[in-house]
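Me: I've got a model open and I'd like to learn how to read it feature by feature. Can you walk me through?

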Amino acid sequence: MSLITTTEELEAACLRMARHPFVTVDTEFLRETTFWPVLCVIQLATDDEALAIDALAEGLDLQPLLGLMADERVVKVFHAARQDLEIFWKLSGVLPTPLFDTQVAAMVCGYGDQVSYSELVQSVCRVPVDKSSRFTDWARRPLAEAQIAYAIGDVTHLRDVYRALTKRLAATGRQSWLDDEMKALTSPEVYEQHPERAWERYKTRARKPRDLACLMELAAWRESEAQARDVPRSRVLKDDVLIELSLAAPRSLEALANLRAFPRGMERSRAAGEILEAIERGVARDPKTLPKVERERRNGGGGGATVELLKVLLRQVSEESGVAGKLIATVDDLEAIAANDKADVAALSGWRRKLFGQRALELKHGRLALTVENGKVVTLEWRDAEGPPAEG
């Protein structure tokens with residue numbers, strides 16, 4: 001087993017790997033007590049070799065690795081790459097390209113929704129994956145041989161998975177579909193941390209303009225505080241406390257302390273004053289300057305029935321095409337389509353529109369029907385408003 005601990009070894013290895021058309025990549029990191037992931041081990045493999053890099057080795061410079069990740073001549077193969085990409089973005093501000101994510105490719109190729117690495121290896125390679133070191137402490141040194149073997153195993157099988165998926169993509173003519181997904185996955189916007197946008201994940205909880213304004217200010221404060229202290233968001237304020245503060249908008253330390261969810265004693269901390277300042281900024285905001293928050297569409301205006309029909313259509317299209325339903329459209333997409341024919345959602349653009357989006361609009365407007373034949377859902381297209389249906 002090869003464990004790299006020096007810059008010289010890493011530079012030589014990256015030079016060797018740069019001669020290959022692809023390299024498989026994985027990382028081991030810790031994040032339980034930090035905001036930013038702590039990179040511990042990086043694993044790489046080509047057809048000729050597989051190795052692990054001790055990212056915590058004293059004096060190790062990762063620049064040769066970052067150069068390999070940026071080399072446009074070498075495809076970087078990951079499984080479920082998003083967290084790994086976030087690490088490389090934090091290290092260098094550059095994302096590995098060109099990229100091939102085997103989890104996304106598997107969803108395009110009919111392996112189901114978000115198939116795990118072990119499931120994919122079992123399906124493609126017909127071998128079990130060792131999970132004995134899955135929850136090990138990757139920051140503890142020295143690394144045990146079992147840990148190194150486990151880590152390297154994650155990139156050796158990935159080579160065969162990559163070959164199998166590229167063949168299937170070529171056979172089905174869906175490589176361009178995956179290219180679209182990789183373009184989105186390697187967009188810097190996905191990994192940039194903007195405290196002023198932290199409120200967006202909770203936007204449906206805001207009931208009125210003042211709630212939204214306070215939520216925006218409080219979420220931005222919590223995000224900045226978590227980043228500065230390098231601790232998880234929940235170590236600063238738990239989500240339920242953040243929401244309660246936004247809705248109640250306490251204006252004094254006494255009112256703050258009286259909130260049921262607010263941590264006891266925190267009203268005497270520096271953070272309490274900053275929380276009140278954030279609330280004051282929110283209360284002072286002009287409602288006309290606030291972004292419009294689209295309310296939940298569930299069970300409103302008869303849209304619920306349309307969404308349920310779209311779900312059935314999505315399932316039918318997924319089974320017919322072999323593409324995972326979650327990759328084609330989300331529930332939010334379906335709700336948006338039910339409310340607006342020109343909704344700005346992925347399901348109404350690119351390959352998704354051809355596969356599903358156009359059919360969804362036809363179903364919504366009565367130009368497509370769903371029926372069951374031999375226990376399976378099939379679609380029926382209406383030739384015209386008056387004529388009989390024709391099977392599609």
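Me: Let's begin with strand pairing. How do β1 and β4 run, and how many bridges join them?

Reply: Strands of a sheet pair through backbone hydrogen bonds, and the pairing can be parallel or antiparallel. In this predicted model, β1 and β4 (residues 50-54) run parallel, joined by 2 bridges. For a concrete pair to click on, take Leu3, whose bridge partner in β4 is Ala52.

Me: And the sheet they belong to: what is the strand order?

Reply: Read across the sheet, the order is β1-β4-β3-β2-β5-β6. That's 6 strands in an open sheet with mixed pairing. The edges are β1 (3-4) and β6 (99-101), each with pairing on one side only.

Me: Let me pick a residue in there. Where is Val41, and is it buried or exposed?

Reply: Val41 sits in strand β3 (residues 38-45). The cut-off for buried is under 20% relative accessible area, so Val41, at 2%, counts as buried.

Me: Which residues is Val41 in contact with, leaving aside its neighbours within four places in sequence?

Reply: The contacts include Asp26, Thr27 and Glu28, then Ala52, Ile53 and Ala55, and further along Trp138, Arg141 and Leu143. Ala52 is also the bridge partner of Leu3. Distance along the chain and distance in space are separate things to check: Val41 and Tyr191 are 150 residues apart in sequence, with 21 Å between their C-alpha atoms.

Me: What's a pair with a smaller gap in sequence that I could look at, say one with Lys208?

Reply: Try Lys208 and Arg163: they are 45 residues apart along the chain, and their C-alpha atoms are separated by 52 Å. Lys208 is in the loop between α7 and α8 (209-229). With 44% relative accessibility, Lys208 counts as partly exposed.

Me: On to helices. Which residues of α7 are buried?

Reply: For a helix, list the buried residues and then ask where they point. In α7 (residues 175-185), the buried ones are Trp177, Leu178, Glu181, Met182 and Leu185. They are on the same side of the helix because they cover an arc of only 135° around its axis.

Me: What do the buried residues of α7 pack against?

Reply: Quite a list of elements: α3 (82-92), β6, α4 (102-108), α6 (145-172), α14 (325-328) and α16 (350-364). You've met β6 already, as an edge strand of the sheet.

Me: Glu181 is charged, yet it's on that buried list. What does its side chain meet?

Reply: The side chain of Glu181 forms a salt bridge with that of Arg352, at 2.8 Å from N to O.

Me: How is the chain divided into domains?

Reply: There are three pieces: domain 1 (3-190), domain 2 (195-289) and domain 3 (303-381). To read an interface, go through its distance, its residues, its area and its chemistry. The centres of domain 1 and domain 3 are 34 Å apart, taken over C-alpha atoms. Their contact takes 12 residues from domain 1 and 10 residues from domain 3. The area buried between these two domains is about 900 Å², with carbon and sulfur atoms giving 59% of that. The interface has 1 salt bridge by the rule.

Me: Now the backbone oddities. Where are the cis peptide bonds?

Reply: For cis bonds, look at omega. The bond from Thr97 to Pro98 is cis, with omega near -10°, and Pro98 lies in the loop between α3 and β6. Another cis bond runs from Arg141 to Pro142, with omega near 5°. Pro142 is in the loop between α5 (117-125) and α6, and Arg141 is among the contacts of Val41.

Me: Which residues have a positive phi although they are not glycines?

Reply: Gln114 is one, with phi about 45°, in the loop between α4 and α5. Asp230 is another, with phi about 55°, in the loop between α8 and α9 (233-236). Gln114 is partly exposed, with a relative accessible area of 49%. Asp230 also counts as partly exposed, at 29%.

Me: Zooming out, how many helices and strands does the chain have?

Reply: It has 16 helices and 9 strands. Of its 392 residues, 47% count as buried.

Terms used. Residues are numbered from 1 along each chain as its sequence is written. This is a predicted model: local features need pLDDT of at least 70, side-chain atom pairs count only at pLDDT 80 or more; totals for chains, interfaces and linings use all residues. Side-chain values use heavy atoms; hydrogens and water are left out. Two strands pair if DSSP finds at least two bridges between them. Helices (H or I, at least four residues) and strands (E, at least two) are DSSP runs, numbered from the N terminus. Buried means under 20% relative accessible area, exposed over 50%, partly exposed in between (1.4 Å probe, protein chains only). The arc is that of the directions from the helix axis to the C-beta atoms. Contact means heavy atoms within 4.5 Å. Domain bounds come from an automatic or database domain assignment. Buried area is the accessible area (1.4 Å probe) that two parts lose on being put together, summed over both. A salt bridge is a side-chain nitrogen of Lys or Arg within 4 Å of a carboxyl oxygen of Asp or Glu.
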